[in-house]
Structures are given as structure tokens and as C-alpha cells.
Protein chains: 2
Amino acid sequence: MAHKTTNKIFTPDIERISIQGSSPLINVPFNKINLSNGDSVLVSTVEGPDVNAKTLPKVSESYAPYVIDGDARKVKKTILERAKEGEITPHMEYVAIRESYKNSDDMPFTPENVREEIAKGTAVIPANINHTECEPMIIGKHFSVKVNANIGASSLSSGFDEEIKKLRLSLKFGADTVMDLSTGIDDLGGLRSAILRASPVPIGTVPVYEALDRAHGDVNLLTWELFRDTVIDQARQGVDYFTIHAGLLKDLLPHAAKRILGIVSRGGSIMASAMMRSDSENMAYEHFDELIEICHDYDVALSLGDGLRPGCISDACDKAQYGELENIGKLAKRCFDAGVQCFIEGPGHVPMNKVYENQELQEKFCNKAPFYTLGPLVTDIAPGYDHITSAIGGSMIASFGTAMLCYVTPAEHLALPTEQDVKTGLITYKLAAHSADLAKNLPGAKIRDDAMALARADFRWYDQFALSLDPQNAYDVWRAQMPEECANSHEPAFCSMCGPRFCPIRLNRKLQAKYNAK
Amino acid sequence: MAHKTTNKIFTPDIERISIQGSSPLINVPFNKINLSNGDSVLVSTVEGPDVNAKTLPKVSESYAPYVIDGDARKVKKTILERAKEGEITPHMEYVAIRESYKNSDDMPFTPENVREEIAKGTAVIPANINHTECEPMIIGKHFSVKVNANIGASSLSSGFDEEIKKLRLSLKFGADTVMDLSTGIDDLGGLRSAILRASPVPIGTVPVYEALDRAHGDVNLLTWELFRDTVIDQARQGVDYFTIHAGLLKDLLPHAAKRILGIVSRGGSIMASAMMRSDSENMAYEHFDELIEICHDYDVALSLGDGLRPGCISDACDKAQYGELENIGKLAKRCFDAGVQCFIEGPGHVPMNKVYENQELQEKFCNKAPFYTLGPLVTDIAPGYDHITSAIGGSMIASFGTAMLCYVTPAEHLALPTEQDVKTGLITYKLAAHSADLAKNLPGAKIRDDAMALARADFRWYDQFALSLDPQNAYDVWRAQMPEECANSHEPAFCSMCGPRFCPIRLNRKLQAKYNAK
């Protein structure tokens with residue numbers, strides 16, 4: 001097979017392969033991009049609704065010993081506990097293959113490397129025992145940077161089918177985890193179940209959204225019991241990680257009040273409302289041990305939410321933000337000690353000169369638990385282009401060690417993302433994450449870049465499209481300007497940039513012939 | 001007047017004002033964005049085809065004593081020479097007002113500050129005595145980051161009118177300088193003249209493009225005399241700065257030959273072809289004193305071109321690139337000593353972890369002459385999205401001190417930019433440059449961001465659009481999802497992101513009422 005074009009649709013020659021580990025359960029899928037010069041490049045993927053994918057046996061077996069609790073399963077020991085005890089679980093071998101074979105032939109990551117990182121709390125594999133469709137995914141500084149995509153229905157827009165479509169689109173364009181932020185619809189549980197069943201990547205939620213819905217949107221009715229029951233129901237359903245805003249303590253509220261934009265985290269502002277209503281402390285903080293226990297039962301990871309993330313440049317890096325981060329660091333220690341995996345959410349809006357400081361303080365306060373940031377956006381003045389303002393901050397902080405980036409779409413600050421926005425946001429974040437992998441000198445990260453450079457040197461246009469993060473778009477842009485005879489050839493000898501007359505790339509052949517022969 | 005919408009066209013309330021200096025000649029235009037709460041924000045602009053602009057008297061007088069040379073003018077002393085002698089020219093006062101009043105009411109930059117930077121060679125004001133339409137623009141590390149847009153006709157596409165349209169579009173979206181890279185059309189001189197007459201910003205060219213055209217595209221016919229005459233003709237016409245690839249010396253060619261992508265600079269590869277043809281040294285290097293003399297006559301600035309800029313991540317930061325940079329540093333000294341302003345072109349493709357090193361070495365080798373980079377792109381695998389891959393590297397290097405960024409459009413590596421590409425590229429680079437201004441703590445840079453944050457806190461949606469880099473787009477994205485009654489109000493109390501139910505922004509009002517009253 002070779003790359004094909006039919007009716008303006010460009011189809012790269014991508015083969016779905018899998019690499020098997022020490023047991024048939026461990027079957028790690030990859031996309032193999034076959035190039036016209038005989039080379040190929042492996043790209044990690046998931047068993048998902050990829051149009052080019054051959055069918056692989058589903059990773060449907062659970063990786064952990066469990067007990068049955070009603071219609072759900074409970075673990076005896078979490079992944080973290082097993083790692084601490086020196087056990088290499090199937091998850092660990094799975095992600096070692098996934099990270100190693102991504103772009104290279106050797107195995108730079110061993111299962112033992114993975115176990116060590118998990119055992120130290122510097123990496124996590126969110127994998128609820130009841131999300132059996134989930135293929136293990138590792139999030140940690142020393143591994144490839146991951147990208148999360150947010151989806152979610154709301155009372156104003158978007159239905160059931162549309163969300164599943166967004167999930168599939170997210171998977172197609174490489175989302176490593178997906179958060180379901182649905183609120184305000186009738187059957188939140190049904191939608192979440194459909195998303196879990198369709199998702200081979202970890203699914204995260206913000207349980208307080210559903211808790212507020214159960215309280216009919218009235219913060220006065222939002223009790224701890226209602227919140228707790230929501231968390232239990234979602235954990236039993238199979239959610240892989242929960243965002244919980246337990247570090248936003250009462251004494252930080254006056255600092256937040258001094259800001260231009262106060263609290264912009266939706267979850268954070270719900271918690272703050274509940275606290276203000278009765279001058280009480282944060283209920284998630286007060287009952288944190290109970291939350292940890294629920295997470296332990298189903299091996300849910302905690303994503304410790306930054307309810308006080310800054311919403312504008314002016315509010316960045318203030319006492320509210322860093323005070324909460326310090327609180328979160330203490331909570332992270334409690335999770336770790338209790339055998340529950342956790343990672344830490346971060347900003348937000350941060351000027352470029354403060355991005356490094358954010359990573360540095362997070363590592364200091366949180367004992368190097370993985371950092372998971374929303375951008376950060378490096379300016380406030382470009383709504384409509386905030387996938388870009390945030391990719392700048394996101395790629396920077398990821399190059400300093402942030403393990404996962406939450407994507408931001410062009411709709412940020414203006415509207416809910418459309419399907420096109422989801423696609424644009426994801427591709428932007430995949431390029432940001434990959435750029436950080438290159439900056440971290442991750443083994444093999446450069447292989448795809450080098451293949452692209454070689455394809456450019458050889459005028460292998462179709463290989464260039466195939467190696468792109470968005471092959472169809474690259475083909476479309478090129479095709480719009482090339483004369484018919486070139487578009488029909490797979491290797492036109494020139495392009496529209498310089499035209500047929502003088503071409504630097506052709507000169508290079510003479511240059512190499514002259515000097516490299518010597 | 002207030003912001004208006006008519007037939008889905010959003011028109012922000014922008015007033016054209018001007019601030020006068022010590023003489024009526026010095027009349028610096030600004031856009032004053034009037035907000036609905038009575039505040040306003042000043043944004044620097046040029047007298048150009050801005051649809052919202054009131055007509056100002058043209059800055060049509062020359063700022064320098066001159067002699068007539070045929071139909072063109074020659075300076076006796078260049079701006080650099082006058083600065084070295086301690087003279088504050090009208091250019092210097094003009095840019096001091098432009099940089100100071102941009103975003104703030106005080107005057108952080110004085111004409112004397114500007115003179116000092118020029119006299120040290122750390123900033124330049126490209127202003128050919130024969131480009132009388134040109135409004136002075138300063139390019140230097142300690143001033144706001146500038147953005148260059150490339151336009152240019154070629155044999156394959158784009159005509160005369162289309163290029164003027166691209167120029168106008170570039171000006172509308174904030175290009176601070178424009179390079180005309182036209183080649184392969186019949187009347188290159190006529191097109192350039194039309195561009196100069198229509199442009200209030202400095203115009204740059206790569207004269208060897210036209211020289212090769214005059215040699216009928218045959219490098220064998222490209223003589224020094226032909227190259228020199230082209231440079232003289234363009235200098236007399238009024239081009240404000242020339243890219244000359246004089247640092248690409250013969251002994252670097254074997255290093256370039258070792259790369260995956262060899263030479264990707266079109267100008268660089270033309271020079272290399274000419275050198276390889278007869279095993280000769282770079283003609284621009286050999287005749288550099290003559291080039292300096294021509295530039296001196298018309299006060300043209302030299303943009304010392306990096307003919308060996310890396311064309312892929314793998315080729316970045318190698319002996320070819322840094323060897324040329326060292327050569328360029330020596331040429332920069334010769335320009336400076338001869339009283340000719342110069343700045344330095346830089347990469348290209350550079351992984352994020354090497355971006356700082358590029359700025360550092362440039363300052364070391366080139367005695368802090370202003371740096372002017374193309375991106376750099378931080379990965380090779382995202383054709384179609386290279387405005388973003390390059391904005392990441394561009395904003396980073398600008399935050400470290402690069403004075404001007406050459407924009408990259410989504411068409412990079414695939415095709416010539418369309419009008420839409422020009423717009424997207426420019427807005428992307430304006431946000432990158434602005435983010436760097438914020439990171440540099442430039443006086444007043446944050447005013448527009450703070451105004452945006454306040455507009456968000458107050459639900460002043462129309463003010464948010466008006467403060468955006470692309471108001472119409474922001475309005476369109478927002479409008480597509482908001483219910484009719486909200487779109488018709490200037491201050492709907494909620495937005496599509498959270499819906500009418502629970503809104504973090506409304507919570508902030510309670511938060512501030514509770515804590516800030518104390």
C-alpha cells in the first residue's frame with residue numbers, strides 16, 4: 001500500500017500494528033506511518049475509533065485483583081501500593097512499551113523505571129478498576145507530555161451523540177485523556193457511562209459539577225453527603241480521575257477578593273460559594289480522608305484542582321494562587337501516604353517570565369507529583385486565538401517538566417468549543433507537547449521530525465503530509481496552489497514557494513555532491 | 001460614539017488621535033479604544049489604510065539634511081552618525097513618543113534614551129531618505145517587540161494589485177515592517193515603487209532576488225556589477241533595509257553539506273550557488289565596503305542575513321549556523337564603524353531548549369545589535385500550523401531580547417500565503433510579540449491586558465471584543481452561541497460557557513462585597 005488521494009481525500013499509508021509484552025493481555029497498539037522511501041515511523045495510539053485502524057483484541061481485562069461490591073469492583077491494593085511494594089503490574093509494562101516504542105527501536109523505558117516513578121509519586125497511571133476499556137497511560141515528568149481534551153454537554157447546547165462524536169474526534173487527533181465536564185442535562189450518569197464505554201483513554205470529571213446539579217443548582221443545598229454520594233457513584237461507574245478543589249481554604253478567600261478576576265475556576269467558585277454561605281471551611285478539605293478512601297476503593301487518581309488559578313495576567317502568581325498550591329502540596333502527601341495516586345492542577349494565565357517559577361514552586365511544594373496545567377495563557381488580549389496564547393505557555397512549562405497539558409480551544413473565553421475547535425485545540429496541543437518532548441531530549445522524540453526533514457530534502461511531498469499532525473489539511477493547503485501536473489505526481493520537482501526557477505532544495509543536492517564526496 | 005454592530009459587522013469605538021512632539025512634523029498617530037465604562041486604551045498605529053482612521057497630515061517631510069543626486073536624495077550623515085555625535089534627530093523624538101504613549105500616560109522612553117540606543121548600535125530606525133512616506137519605527141531589545149510581514153509576487157501567483165492588498169492587510173493587522181520578496185515578475189521595480197508609496201512602515205528587500213532575475217535566473221550570469229547595480233537602484237528607490245547574506249563564507253559550505261536540509265534560505269542558496277560555480281568567495285563579503293557605502297548614501301539599514309539558518313530541528317545550532325553568526329558579528333562591527341545601522345537575522349528551526357542559547361550567542365558575537373528572527377519553529381511535524389510552532393519559539397526568543405520577529409503563516413512549507421494566511425500569521429505574531437513585551441515588563445504593556453480582565457469581570461462583552469487583536473472574529477465566535485436576547489444587549493449577565501445557572505464571575509461580586517468591604 002502507499003499514500004493515496006481519492007476525490008481530494010488524502011489517505012496516508014498507516015498500518016496499525018501492536019507490540020506484545022510478556023503476556024497476551026499486554027498488546028500495545030501503534031500507528032506505523034509507511035513512507036515511500038521504505039522508511040517508517042511509529043506513533044503511539046490507542047485502540048479507538050481510528051478510521052485507519054485494524055481491529056485489535058480489546059484490552060478488556062482488568063489488571064488488578066479485585067473484590068465485587070454490588071455491581072462494581074473494588075481493588076484490594078492500588079497501583080501505587082503495589083509499586084511501593086516493588087511489584088511490576090501489567091499497567092507498568094504496558095506503558096513502558098508505549099513510551100519506549102513510540103518513536104524508537106530500543107526500549108529506553110523499562111517496566112522497572114515505570115514502577116520506580118509510580119512508587120515515588122512522580123508519575124501516575126489513572127486507571128479505575130471499573131473502566132475496563134481504559135488502556136494504561138502514564139503521566140509524569142520523565143515521560144512524553146500528555147494532552148487532555150475537555151468535552152461536555154451543558155444546558156445551553158450539545159447533546160448525547162454530539163459528545164460521543166467529540167470524544168471520538170478527540171481520540172482521532174491524539175487526546176491522551178479526556179475530561180467530561182457535562183452539567184445541567186438530565187441524564188448525566190447515562191452520558192458518562194456512554195463516554196466511559198467508548199473511551200480507551202482515562203476519563204476525568206469534576207464531581208462537584210454533578211453534585212451541584214443534584215442540589216438543583218442551589219449552593220445552599222450542596223451538602224457534604226450529597227457531594228460524597230456523587231463521588232462514590234462516579235467512582236463506581238469507572239471515572240479514572242477526579243478534580244477535587246480541596247486546597248482552596250477559607251483564609252485564601254480575602255486574597256482572591258483582591259484580584260481583578262477573583263475566582264475563575266468553576267469548581268473553585270462552587271466550593272467558595274458553599275464556604276461563604278455559612279462561613280465554613282472547604283468541605284472537600286474537611287472530609288479529605290473520606291475522599292481518599294473512596295478513591296482507594298476503585299483506584300481513582302486525584303487531580304488536585306487549583307480553584308484559585310489566576311484568570312488574567314494581573315492575577316498571576318499572587319498569594320491566592322501560591323497559597324493554594326502550598327495547601328495542595330500537603331494534600332498530595334496525604335494521598336501518597338494513603339496509596340492513592342495524585343497529580344496537581346496548575347494555571348491558567350501567567351506571563352512568560354513567570355512560567356518557570358510556576359513549575360519550580362509546584363515541584364517544591366508538591367514533592368514532584370506530576371503537574372497538569374491549563375495552558376497557561378501568556379496574554380489576555382487575544383480571545384479567538386487562545387489556543388495559541390496558551391500553547392506558548394503550555395509548551396514552555398511542559399519543557400520545564402509539566403507532565404500533562406489541558407488543551408485550550410479557539411473558543412476559550414467566548415463560547416463552548418465546536419467540533420472544529422476541538423480539532424484545532426488538539427492539534428495545537430499535540431504540537432506543543434511534542435515540542436516539549438524535543439526540548440526534554442526524550443529518547444526518539446526527534447525521529448518523526450527527522451523523517452519530515454528528509455522528506456523535505458527529497459521532495460517527497462506525500463510523505464510530508466503523512467508525517468504531519470494534520471495530513472489532510474497539509475495536503476489541502478499544498479494542493480490549492482500546485483499546478484495540476486505536480487499534484488498528480490507524487491514527487492513534483494518544485495513547489496509554489498519559489499516556483500520552478502530557482503530552488504534552494506535542488507541546490508543542496510549539488511552542495512552535497514560536491515562536498516560530501518570528498 | 002460607542003461600539004456598534006450592523007449586519008453582523010462589529011465596529012469598535014476607536015478614535016484616531018495624534019500626539020505632537022516639539023515640532024509640527026512630529027505627529028504620532030494612535031488608536032484610542034474607547035470603552036463603555038469611560039476608560040480608554042491607547043494602541044500605537046501608523047497612518048495607513050486603517051478603515052477606522054481619521055485623516056492625519058502625512059509625515060511627508062524628510063527628517064534629514066540631504067543632497068540631490070539625479071532624481072533621488074542622498075544623506076550627508078546617517079541617523080547613526082548623528083546619534084553618535086549626540087544629536088537628537090526628529091526620528092528619535094518620534095519613536096520615543098510612539099513607544100512611550102503606546103500604553104501609558106507617562107513617558108518612559110525619552111528621545112535621549114533612543115539616541116543612546118542608536119548610538120550604541122543596540123537599536124535601529126530603518127528610514128531610507130527616499131522613502132518619505134515612512135514613519136519612524138524603532139527596532140531594539142529595550143523597546144516593544146516588532147513584527148515583520150513578508151509579501152511578494154512570484155511567477156507562479158499573485159499580481160500587482162494583490163500585493164498592495166496584502167500590504168494594506170498587513171498594516172491593518174499591525175505589521176511594523178514589511179518585506180517585499182517579489183521575484184520572477186516583469187516589473188519588479190514598478191511593484192516595489194507602488195509598495196513604497198503605499199507604505200508608512202519600513203520596507204525591506206533581499207536585493208539578490210532581483211539581481212538573479214536580472215541575470216535571467218542563471219546564477220552563472222550573476223556578477224558583482226549586476227548585484228551592485230541592483231542594490232543601488234533599490235536604495236535610490238527608497239528601500240529602508242536590505243537583507244544581504246555576506247556572512248556565508250566558502251569555508252562554511254562543507255558544514256552545510258553535512259546537514260539534512262543544507263541551505264534553506266533562498267538568498268543564502270543563491271549566494272552559495274554563485275560561490276560554487278567558480279570556487280569563489282561570497283561576493284557580498286568581498287565587496288562589503290562598497291555595499292556599506294551605498295547604504296550610507298541613502299541611509300539604508302543592513303539586515304545581515306543568515307543564509308545558513310537551519311531548516312529543520314536536526315540542523316539547528318550547528319557549526320554552519322554559529323560559524324556564520326560569528327562572521328556576521330564582524331560585519332556588524334564594520335557597519336557600525338562606518339555609520340550604517342544594522343541588525344542581525346536569525347533562525348529558523350530551533351528546539352525550545354536551544355532558544356535561549358541562540359539569543360545569548362547572537363548578543364555575544366554581534367555586540368548586541370538587534371536580533372531579527374524567523375520564528376524559530378520548535379518542531380518540524382506540523383505543516384499547516386507553523387504559525388503556531390514558530391510563535392512558540394518567536395515569543396520565547398523575543399522575551400529573551402530579540403527585537404523583531406518575522407511572521408510565519410499557516411502556509412509555511414506548503415504554499416504561498418493567501419490573504420487569510422497573512423491575517424492569521426500577523427495576529428499570531430502580534431500576540432507573540434505582545435506576550436514578550438509583558439515578559440520584559442515593558443512599561444505600560446499590561447494596560448491592555450488589565451482592561452480586558454476588567455471587561456471580563458464586568459461582563460462588558462463589547463469592550464472585550466474591542467480590546468481583542470481581532471475584534472470581528474471574537475464577536476463572531478461569541479455571537480454564534482449566545483441567545484438572541486443576549487446578543488442584542490451590550491451586557492448579557494451570562495455566557496455560553498457556564499450557561500445562566502452557575503457563574504463564577506457573578507460569585508466574584510459576592511466575594512468582593514464580602515471581603516473587600518472589611
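**Notes on the predicted A/B model**

1. Let's start with the contact between the two chains. In this predicted model, 107 residues of chain B are in contact with 107 residues of chain A. Three residues of chain B stand out here: Ile381(B), Tyr385(B) and Phe502(B) supply 9% of the area that chain B buries against chain A, more than any other three residues.

2. Now the area itself. Interface size is often quoted as the accessible area that is lost when the parts come together. For chain B and chain A that comes to about 8700 Å², with 66% of it on carbon and sulfur atoms.

3. What about charges across the interface? The rule finds two salt bridges between chain B and chain A. One of the contacts to look up is Lys514(B) with Asp279(A), whose side chains meet in a salt bridge at 3.2 Å, N to O. Polar contacts between chain B and chain A add up to 26 residue pairs, both residues at pLDDT 80 or more.

4. Which helix of chain B gives the most to the side that touches chain A? That is helix H15 (residues 419-439), with 10 residues. Sorted by class, the side of chain B that touches chain A has 58 nonpolar, 32 polar and 17 charged residues.

5. Helix H15 of chain B also turns up in a salt bridge. The side chains of Asp470(B) and Lys423(B) meet at 3.1 Å, N to O, in a salt bridge. Lys423(B) is in helix H15, while Asp470(B) lies in the loop between helix H17 (461-467) and helix H18 (471-479) of chain B, so this pair ties together parts that are 47 residues apart in sequence. Are the two partners buried or exposed? Asp470(B) is buried because its relative accessibility is 3%, and Lys423(B) counts as buried too, at 18%.

6. Here is a salt bridge within one helix. The side chains of Arg115(B) and Glu112(B) form a salt bridge of 2.8 Å, N to O. Both residues lie in helix H3 of chain B, three residues apart, which is about one turn of the helix. Their surroundings are worth checking one by one: Arg115(B) is buried at 13% relative accessibility, whereas Glu112(B) is partly exposed at 30%.

7. Just past helix H3 you get to Gly121(B), in the loop between helix H3 (111-120) and strand S8 (123-124) of chain B. With a relative accessible area of 14%, Gly121(B) is buried. What does it touch beyond four places in sequence? The partners of Gly121(B) are Phe336(B), Lys368(B), Ala369(B) and Pro370(B). If you want to place Gly121(B) relative to Ile381(B), the two are 260 residues apart in sequence and 37 Å apart in space, C-alpha to C-alpha.

8. Over to chain A. Asn358(A) sits in helix H13 (residues 355-365) of chain A and is buried, at 2% relative accessibility. Its side chain makes polar contacts with two others: the side chain of Gln321(A) at 2.8 Å and that of Tyr322(A) at 3.4 Å. Leaving out residues up to four places away in sequence, Asn358(A) also touches a set of residues including Cys317(A), Pro347(A), Val350(A), Phe371(A) and Ile397(A).

9. How many salt bridges are there over all chains? The search of the whole structure finds 54. One to look at in chain A is Arg259(A) with Asp318(A), whose side chains meet at 2.7 Å, N to O. Arg259(A) lies in the loop between helix H8 (253-257) and helix H9 (266-278), and Asp318(A) in the loop between strand S14 (301-304) and helix H12 (319-337), so the pair ties together parts of chain A that are 59 residues apart in sequence. Both Arg259(A) and Asp318(A) are buried.

10. Last, the overall build of chain A. Chain A has 20 helices and 17 strands. Its radius of gyration is 24 Å, close to the 24 Å that the globule rule gives for 518 residues, so chain A is as compact as a globular protein of that length. Along the principal axes, the C-alpha atoms of chain A fill a box of roughly 80 × 55 × 45 Å. Of the 518 residues of chain A, 66% count as buried. As for contacts in chain A with a separation of 6 or more, 70% of them come from residues 24 or more positions apart.

Terms used. Residues are numbered from 1 along each chain as its sequence is written. Chains are lettered from A and ligands numbered from 1 in the order in which they are written. Side-chain values use heavy atoms; hydrogens and water are left out. Contact means heavy atoms within 4.5 Å. Buried area is the accessible area (1.4 Å probe) that two parts lose on being put together, summed over both. A salt bridge is a side-chain nitrogen of Lys or Arg within 4 Å of a carboxyl oxygen of Asp or Glu. A polar contact is a pair of N or O atoms within 3.5 Å; within protein, one must be able to donate a hydrogen and the other to accept it, and residues adjacent in sequence count only if both atoms are side-chain atoms. Helices (H or I, at least four residues) and strands (E, at least two) are DSSP runs, numbered from the N terminus. Ala, Val, Leu, Ile, Met, Phe, Trp, Tyr, Cys and Pro count as nonpolar, Asp, Glu, Lys and Arg as charged, and the others, Gly among them, as polar. Buried means under 20% relative accessible area, exposed over 50%, partly exposed in between (1.4 Å probe, protein chains only). The radius of gyration is taken over C-alpha atoms; the globule rule is 2.2 Å times the number of residues to the power 0.38.
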